[in-house]
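Subject: Handover of a structure, with findings

Dear colleague,

Please find the structure below for your records. My notes on it follow.

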Amino acid sequence: MSFLFVLAVGLVAGTISGIVGTGSSIMLMPVLVYQYGPKQAVPIMAIAAVMANLSRILAWWREVDWRACAAYSITGIPAAALGARTLLVLPSRAVDISIGVFLIAMVPVRHWLARHDLKITLWHLALGGAIIGYLTGIVVSTGPLSVPLFLFYGLTKGAFLATEAASSLGLYLSKSVTFQRFGALTWDVALKGLIAGSSLMFGAFIAKRFVLRLDANVFRLVMDGIMIAAGLSMLWNAAYST
């Protein structure tokens, strides 16, 4: 039953993230923490995120901006490995609290970024990749930050979805390899990640037909609600664990 619950949430999360470009980790992470605990949930989510991003790349393959992807990934991949190593030395309760606070804090940060009509270059993408990559290694998902970064670069719709996914794929692969090297990614954890990731992949292909119909205001409201709910859930779990 626990696997069925994870699959059901993953299908919904994969569909929504396939439409708005992010959110699958934010929605699925509290469920994984509840089922398996924060220390297992983070590497499980890393495997699932690899599969989710791969599915978005396959769905929008012709739209990928490989120059933007390369600029973001060249700094983001090593930074994600460093962040993952940092995460492994933190206590479980600190992981819960850091993820919860981060998700909630991203709501006003995203609105601040949206109010400033920034135009960025490949150099800015490289700098953003380093910062976001390190944070991704620690707090599971930084989609709320990477989304405006690629939008400010000028990507939209399919090109945005594909390029953000291709860039994030390298970060999550780096994070997964780091977990494996330091013993946090066992075969049991990897299997759980593959199960969760399969539902995310299926949801991403369901979402493709809805992408062009999504209103920008609906996107913002959905992301705000997801981040606040997920953040509060993580903080609740941290308080309950005491």
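In which helix does Leu125 lie? Leu125 belongs to helix α6 (residues 122-139), and I return to this residue further down.

Two remarks on conventions come first. The model is predicted, so that local features require pLDDT of at least 70 and side-chain atom pairs count only at pLDDT 80 or more, whereas totals for chains, interfaces and linings use all residues. Residues are numbered from 1 along each chain as its sequence is written, and side-chain values use heavy atoms, with hydrogens and water left out.

Overall architecture

The protein chain contains 10 helices and 0 strands; helices (H or I, at least four residues) and strands (E, at least two) are DSSP runs, numbered from the N terminus. Along the sequence the pattern reads α-α-α-α-α-α-α-α-α-α. Of the 242 residues in the protein chain, 55% are buried, where buried means under 20% relative accessible area, exposed over 50%, and partly exposed in between (1.4 Å probe, protein chains only). Contact means heavy atoms within 4.5 Å. Among contacts between residues at least 6 apart in sequence, 88% join residues at least 24 apart.

Helices α2 and α3

Helix α2 (residues 24-36) has 13 residues, which should span 18 Å at 1.5 Å a residue, and its end C-alpha atoms are 17 Å apart, in agreement. The expected span of a helix is 1.5 Å times one less than its number of residues. In α2, 11 of the 13 residues are buried, among them Ile26, Met27, Pro30 and Val31. Gly37, just after α2, takes a positive phi of about 90 degrees.

Helix α3 (residues 38-59) has 22 residues and an expected span of 32 Å; the distance between its end C-alpha atoms is 31 Å, which agrees. This helix is also mostly covered, with 18 of its 22 residues buried.

How do α2 and α3 pack, and at what angle? Their axes are 9 Å apart and the angle is about 145 degrees. Axes are lines fitted to C-alpha atoms, for helices over the stretch in contact, and angles run from 0 to 180 degrees between N-to-C directions. The crossing of α2 and α3 is right-handed; a crossing is right-handed if the near helix is turned clockwise from the far one by less than a right angle, and left-handed if anticlockwise. On the α2 side the contact includes Leu28, Met29, Leu32 and Tyr36, and on the α3 side it includes Pro38, Ala41, Ile44 and Met45. By class, this contact of α2 with α3 has 12 nonpolar, 3 polar and no charged residues. Here Ala, Val, Leu, Ile, Met, Phe, Trp, Tyr, Cys and Pro count as nonpolar, Asp, Glu, Lys and Arg as charged, and the others, Gly among them, as polar.

Helix α3 also packs with helix α9 (residues 187-207), at an angle of about 35 degrees and with axes 7 Å apart. The crossing of α3 and α9 is right-handed. The residues of that contact divide into 17 nonpolar, 5 polar and 3 charged.

The kinked helix α4

Helix α4 (residues 66-88) has 23 residues and reaches 31 Å from its first C-alpha to its last, close to the 33 Å expected. Where is the kink of α4 centred? The kink, of about 35 degrees, is centred on Ser73; the bend at a residue is the angle between axes fitted to the seven residues ending there and the seven starting there. Ser73 counts as buried because its relative accessibility is 10%. Not counting residues up to four places away in sequence, Ser73 touches Pro78 and Ser167. Other buried residues of α4 include Ala68, Ala71 and Tyr72.

Leu125 and Phe150

Leu125, at 0% relative accessibility, counts as buried. Leu125 and Ser73 are 52 residues apart in sequence, and their C-alpha atoms are 8.8 Å apart in space. Neighbours within four places in sequence aside, the contacts of Leu125 include Ala68, Ala71, Tyr72 and Phe150.

Phe150 lies in helix α7, which covers residues 143-153, and is buried, with a relative accessible area of 0%. With the same exclusion of neighbours within four places in sequence, Phe150 is in contact with Ala68, Tyr72, Leu125 and Ser167, among others.

Yours sincerely
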